[in-house]
Amino acid sequence: MKRIGILTSGGDAPGMNAAIRSVVRTAICSGMSVVGIERGYQGILDKAFREMQMRSVSDIVQRGGTILRTARCMDFHKPECQDIAIANMREEGIEGLVVIGGDGSFRGAEALSVKGFPTVGIPGTIDNDLAYTDYTVGFHTACNTCLEAIDRIRDTSSSHDRITIVEVMGRHCGDIALYTGIAGGAELIIIPEVPLTFSEIKKSLIEASQKGKSSGMVVLAEGVCGADELMRFLQRETNLSIRATVLGHQQRGGSPSMRDRLLATQFGYHAVSLLKKDIGNRVVGISKEKIIDLDIMEALAMPRKFRKDLYKMAGVVSQ
Ligand code: ADP
Ligand code: F6P
């Protein structure tokens, strides 16, 4: 393969730029040319192509967001639009594509692969919701951002003898809540993988108060319910002083952590090595500290593994 395209799709994630840089520079060093595609799949349909050079990716390794922009493109679900996309890429001389994104973006990549256009996926999402890889690019940074906020909120919560519910992102996945809840010393972590009723939550917070905890931190994954709804229930049903904070999109921004930059660089390097050998229809990931690649369809069909061991430990150390 002599010419490849690269795009970022779905929600942005810190470290996407480091992955773009790695792909561009590795490809050019391997004798390939690279076309940057703007705004995800929409950009292929709009022919928003730009030639990437070594210097196009200077000074971006430390930046959050994505220099290629990102988008959610509803048209790309339609097979006829996927055909147009392939025709547009072929017209531009693009022979293979690197897609940086999450589960949805990989389904788009899978559709292109099935239609015979070689595609390699790099997992870039703060949600860490892809089963085949231990970590996705952006997760580590997003967790650190949440943690900083949780630490600050804890200061005011404990000063006021209050319980604060902190709602974090993750779509249907509870990893951000689980990891930051443990690292932030939460009294209770509420995630979609372990359904708790509002009554169970109330009981657990009352018990914590009876055991002498004068304040508390509840980390709630957005996939369960809204923090406001839970706050209103607890205010109605208990005498505890409760506040709620939704961390929102700050979790997606900011300079990527060392871990995300390294991971993104390794993923980009590996993705190009596959396309260089004309291998498509793959996604790259990390398993037990080793960079791996897998068939897209197989990877997307894997059931998500939930870290029950971490959840159990959190229940013990929060006593
Ligand atoms: P993420 O990649 O972060 O999970 P989305 O789920 O929003 O984000 O998906 C990003 C984009 O990927 C969608 O806007 C669409 O363009 C494309 N996409 C998602 N699912 C499919 C699908 N089943 N077939 C084709 N394209 C898809
Ligand atoms: O997939 C990343 C993510 O930030 C999810 O955690 C969240 O549910 C969603 O995207 C928010 O999307 P939007 O930026 O469209 O509000």
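Student: Hi! What radius of gyration does the protein have, and what would a compact globule have?

Tutor: The protein has 21 Å, which agrees with the value near 20 Å for a compact globule of 319 residues. The radius is taken over C-alpha atoms, and the globule rule is 2.2 Å times the number of residues to the power 0.38. This is a predicted model, where local features need pLDDT of at least 70 and side-chain atom pairs count only at pLDDT 80 or more, while totals for chains, interfaces and linings use all residues. Residues are numbered from 1 along each chain as its sequence is written, and side-chain values use heavy atoms, leaving out hydrogens and water.

Student: What box do the C-alpha atoms fill?

Tutor: Along the principal axes, roughly 70 × 35 × 35 Å.

Student: And how many helices and strands are there?

Tutor: There are 11 helices and 11 strands, taken as DSSP runs (helices: H or I, at least four residues; strands: E, at least two).

Student: New topic: what share of the residues is buried?

Tutor: 54% of the 319 residues, with buried meaning under 20% relative accessible area (1.4 Å probe, protein chains only).

Student: Which residues have the most contacts inside the largest nonpolar core?

Tutor: I4 and I20, in a core of 57 residues. Such a core is a set of buried Ala, Val, Leu, Ile, Met, Phe, Trp, Tyr and Cys residues joined through side-chain atoms within 4.5 Å. Another core, of 28 residues, lies apart from it and includes Y41 and F117.

Student: What does I20 contact, beyond its neighbours within four places in sequence?

Tutor: Its partners include I6, M52, V57 and I100; contact means heavy atoms within 4.5 Å.

Conventions:
Chains are lettered from A and ligands numbered from 1 in the order in which they are written. Buried means under 20% relative accessible area, exposed over 50%, partly exposed in between (1.4 Å probe, protein chains only).
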